[in-house]
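Here are some notes to read alongside the structure, written for someone who is seeing it for the first time. They go from one element to the next, as numbered points.

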Amino acid sequence: MVSLTIEGRPVTVPDGTSILEAAKSAGVLVPHYCYHPGLPVAGVCRMCLVEVEKFPKLAPACATSVGEGQVVHVHSPKALEARKGVLEFLLINHPLDCPICDQAGECELQDYTFAEGRADSRYREPKRFNPVEDFGGDVLYVQNRCILCTRCVRFMDDVVHEPVLNVSERGDRAFIGKAEGHDLTNPWAGNVVDLCPVGALLSKDFLNKARAWELDRAATVCTGCSQGCNAVAETRDNVVVRLKPRPNDEVNQYYMCEVGRQGYRDFNRRDRADQPLVRVNGQLQVSDWEDAITVAAQVTEGRRLVVIASPNLSNESLFLLERMIAERNGTGVFRLSRGNESVLPGAKDLALRAERAANATGARSLGFSEVTQFTDAIRSGDAVFVVGDQLDGINASELSAASSVVYIGTALPAAIAASVSAVLPVTNTLEEEGTLTNLRGRVQRYLQARTAPGVARPTWYVLADLLTAIGGNGRFYLPAEVFAALAATHSTFAGLDYDALGLRGLPLAPAGATSTAEVAV
Ligand code: SF4
Ligand code: SF4
Ligand code: FES
C-alpha cells in the first residue's frame with residue numbers, strides 16, 4: 001500500500017494505483033476525458049494534469065502511479081492554468097451548439113468548461129465544419145463535436161475485439177474513421193455512445209427525445225436476458241425513453257447490449273390491462289379489486305392449481321405463487337425464449353445470454369419447471385393462473401383441459417381472451433420494486449421508475465391478496481417483507497436481506513453458508 005496526500009487529504013491505496021483513481025477514493029475529482037476505468041490508459045487528452053510536489057512538470061493523473069509520500073495539488077493555480085489551456089484548445093473547433101446537442105446537461109466538456117474554462121474565446125477564425133456520419137447500428141458520429149479522446153476506438157479494439165474505429169488523418173484534420181465495409185452493428189457497439197464524454201457519438205433512437213434535465217431516473221435491472229445487467233431507467237412524463245448501463249463489476253462492468261437497451265419499448269405498451277375484470281353472463285365486465293380477487297380464488301376451490309409463470313417475474317411474486325401452488329397441491333411451469341449468445345470478449349463473464357429472461361434461475365430455485373407446451377402440465381379440471389406470460393405462439397387448445405383460467409398480467413393475451421374467468425391487471429418491472437436472480441445466482445434489486453396505468457397494482461401485492469383469499473398467509477405490506485419470508489424458508493436464499501442487497505446485489509448462499517457476511521462479495 002502507498003500513502004500520499006491529495007488536496008490536503010491523506011489517502012492510502014494499493015501500489016500501482018493512478019493518481020486519478022487515488023484522488024477518486026479521497027473524494028477529489030480530477031477532470032479527465034480520455035481516461036475511463038474500463039479501458040486501457042491512453043493519456044491523450046491532457047485534461048487530467050495535476051501538480052505533484054518535487055516533479056519538474058505537471059503530471060497526467062491518469063497515467064502517473066502514486067508514490068509514497070507524494071503531495072498532489074489538483075486545484076493549484078499552475079494545474080488550473082494548464083487545464084484552462086487544454087479546454088481552450090479543445091474548444092477551438094468545437095461548435096457552441098449546446099442548445100441543440102443531445103449531450104447537453106450530461107456533457108463533460110460543458111461541465112469542465114463551466115468549472116475551469118475561459119469565460120470567452122480568443123479564437124476569431126471560422127470553425128472547422130464536417131458533416132454528420134452514420135456509423136451504423138444505433139450510432140451517429142457528429143465529427144464537429146469530437147475531442148479525439150479515443151475512448152470509442154479503444155472500446156471497439158480492446159473490449160469488443162472488433163477494431164472498426166480508428167483515428168484518421170492528423171492534426172486539426174484528425175477525426176474518428178470507420179473501417180471500410182464495417183459498421184457499429186455489433187450488439188455491444190452502442191456502448192460507445194455512453195463512453196463518449198461529449199455529444200460526438202449519439203444514439204439515433206434517443207435523438208431529440210428529451211433534454212437530460214427533463215428525465216427522471218431509477219435503478220433497475222435489465223430483463224432482456226439472464227445476465228441481469230444493472231441499468232438506469234430514464235423516463236420523461238412517465239414514458240420510458242432510455243435504458244443506460246449502471247456500473248457493477250460483478251455483472252456488467254460499465255456496459256449493456258443493444259437487445260437490452262431497445263427493450264425499454266416493452267414497458268410503454270399502450271394495450272395495457274388497467275382495470276380488474278370478471279366474467280358475468282359470458283361477458284368480461286369491469287369489477288373492483290375485491291370481487292376480482294374473490295372470483296380468482298373461488299375458481300381454485302377443490303381443484304388442482306397450475307401456474308403458468310413468466311420467468312421475468314420477481315423472486316417475491318414467484319415465492320407467493322409457490323405458496324398458492326402448495327395450498328392447492330398444484331404445479332408451476334414457465335416457458336423460456338432463447339436466442340443467440342453474444343459474448344463481450346474484453347469483459348469478464350459478460351454476454352447477451354441465450355436465455356432471454358431475467359429470472360429463470362429464481363423460478364427454478366422456487367420449484368417452477370421449464371416446459372415448451374402446457375398440455376402435459378394441465379390435467380382435466382385444473383384451475384390455471386397465467387401470470388405474466390403473454391402466451392405468444394400458444395394455441396388456446398393447449399389450455400382447453402382447464403376448468404377455468406385467470407389472467408394476472410399487463411395485457412390480456414388473445415389466446416385466452418374468450419375464456420378467462422377474471423383479469424387481474426398488474427405492474428411491469430419498471431412499475432414496481434423487487435428482486436431478480438441472474439444466471440450466476442446473484443440476487444439484485446430493482447426500483448420503481450414509472451407509475452402503472454389505471455388501477456393496476458404491483459404483482460407481489462395482488463398475489464399476496466390472492467394467497468390470503470385462497471387460505472394462505474399473504475399478509476405482506478412491502479416487497480421487503482415478502483423477501484424476508486422467502487429467505488427464511490428457502491435455504492438457497494438463506495442469509496440474504498433485502499436492504500443489504502443494496503443496488504448491486506449479492507450472490508445466493510453457497511451450500512453451508514449461513515450469514516450475509518459469508519456470501520457477500
Ligand atoms: S467520438 Fe467521442 S469517444 Fe470517440 S474520440 Fe470523439 S469524443 Fe472521444
Ligand atoms: S446482456 Fe442481457 S441483461 Fe445485459 S443488457 Fe443485454 S439483454 Fe440486458
Ligand atoms: S485523462 Fe489523463 S490524459 Fe486524458
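1. A place to begin is the pairing of strand 3 (residues 49-52) with strand 5 (residues 71-73), two strands that run antiparallel and are joined by 2 bridges. Within this pair, V52 has V72 of strand 5 as its bridge partner. Helix 2 (residues 77-92) packs on the sheet and touches both strand 3 and strand 5, while its direction makes about 160° with that of strand 3. Please keep in mind throughout that this is a predicted model.

2. The sheet to which these strands belong is an open one of 5 strands, arranged in the order 2-1-5-3-4 with mixed pairing. Its edges are formed by strand 2 (9-13) and strand 4 (59-60), each of which pairs on one side only.

3. For the chain as a whole, the count is 12 helices and 26 strands, and the C-alpha trace spans about 85 × 50 × 40 Å along its principal axes. Of the 521 residues in the protein chain, 46% are buried. Among contacts with a separation of 6 or more, 61% are between residues 24 or more positions apart.

4. Which residues come nearest to ligand 1? They are C146, C149, C152, C196 and A200, out of the 13 residues around this ligand. Sorted by class, the shell around ligand 1 holds 11 nonpolar, 1 polar and 1 charged residues.

5. T150 deserves a look for its backbone, since its phi is positive, at about 70°, although T150 is not a glycine. This residue is found in the loop between strand 7 (139-142) and helix 4 (151-159). T150 counts as buried because 20 C-beta neighbours lie inside 10 Å, and a residue with 20 or more is classed in this way.

6. D237 can be read beside it, as another residue other than glycine that has a positive phi, here near 50°. Its place is in the loop between strand 12 (230-236) and strand 13 (239-245). Is D237 buried or exposed? D237 is exposed, because it has 10 other C-beta atoms within 10 Å, and the limit for that class is 12 or fewer.

7. The unreviewed UniProt entry carries the annotation "domain: 4Fe-4S Mo/W bis-MGD-type", which covers residues 215-271. Over residues 215-271 the model has 9% helix and 35% strand, and the C-alpha atoms at the two ends are 24 Å apart.

8. Around ligand 2 there are 13 residues, and the closest are C222, G224, C225, C229 and G260. The shell of ligand 2 divides by class into 7 nonpolar, 5 polar and 1 charged residues.

9. N438 is found in the loop between strand 24 (434-437) and strand 25 (442-446). What does N438 contact, leaving aside its neighbours within four places in sequence? The contacts of N438 are S226, Q227, G228, V251, T361 and Q444. N438 counts as buried because it has 27 C-beta neighbours inside 10 Å. V192, by contrast, lies 246 residues from N438 along the chain, and the C-alpha atoms of these two residues are separated by 25 Å.

10. The strands on either side of that loop take part in an open sheet of 3 strands, in the order 24-25-26 and with antiparallel pairing. Strand 24 and strand 26 (506-507) stand at the edges with a single partner strand each, so that one side of each is left without a neighbour in the sheet. Helix 8 (residues 315-327) packs on this sheet, touching strand 24 and strand 25, and its direction makes about 90° with that of strand 24.

11. Strand 25 and strand 26 run antiparallel and are joined by 2 bridges, and R442 stands opposite P507 in strand 26. L506 also lies in strand 26, and L506 counts as buried because 21 C-beta neighbours are found inside 10 Å. Although L506 and V443 are 63 residues apart along the chain, their C-alpha atoms are separated by 5.5 Å.

Terms used
Residues numbered from 1 in each chain as written. Chains lettered and ligands numbered in written order. Predicted model: local features only at pLDDT ≥ 70, side-chain atom pairs only at ≥ 80, totals over all residues. Near = placed C-beta within 6 Å. Nonpolar A, V, L, I, M, F, W, Y, C, P; charged D, E, K, R; others polar. Helix = DSSP H or I, 4+ residues; strand = E, 2+ residues; numbered from the N terminus. Contact = placed C-beta atoms within 7 Å. UniProt positions renumbered as here; feature names shortened; annotations may be inferred. Pairing = 2+ DSSP bridges. Axes fitted to C-alpha atoms, helices over the stretch in contact; angles between N-to-C directions.
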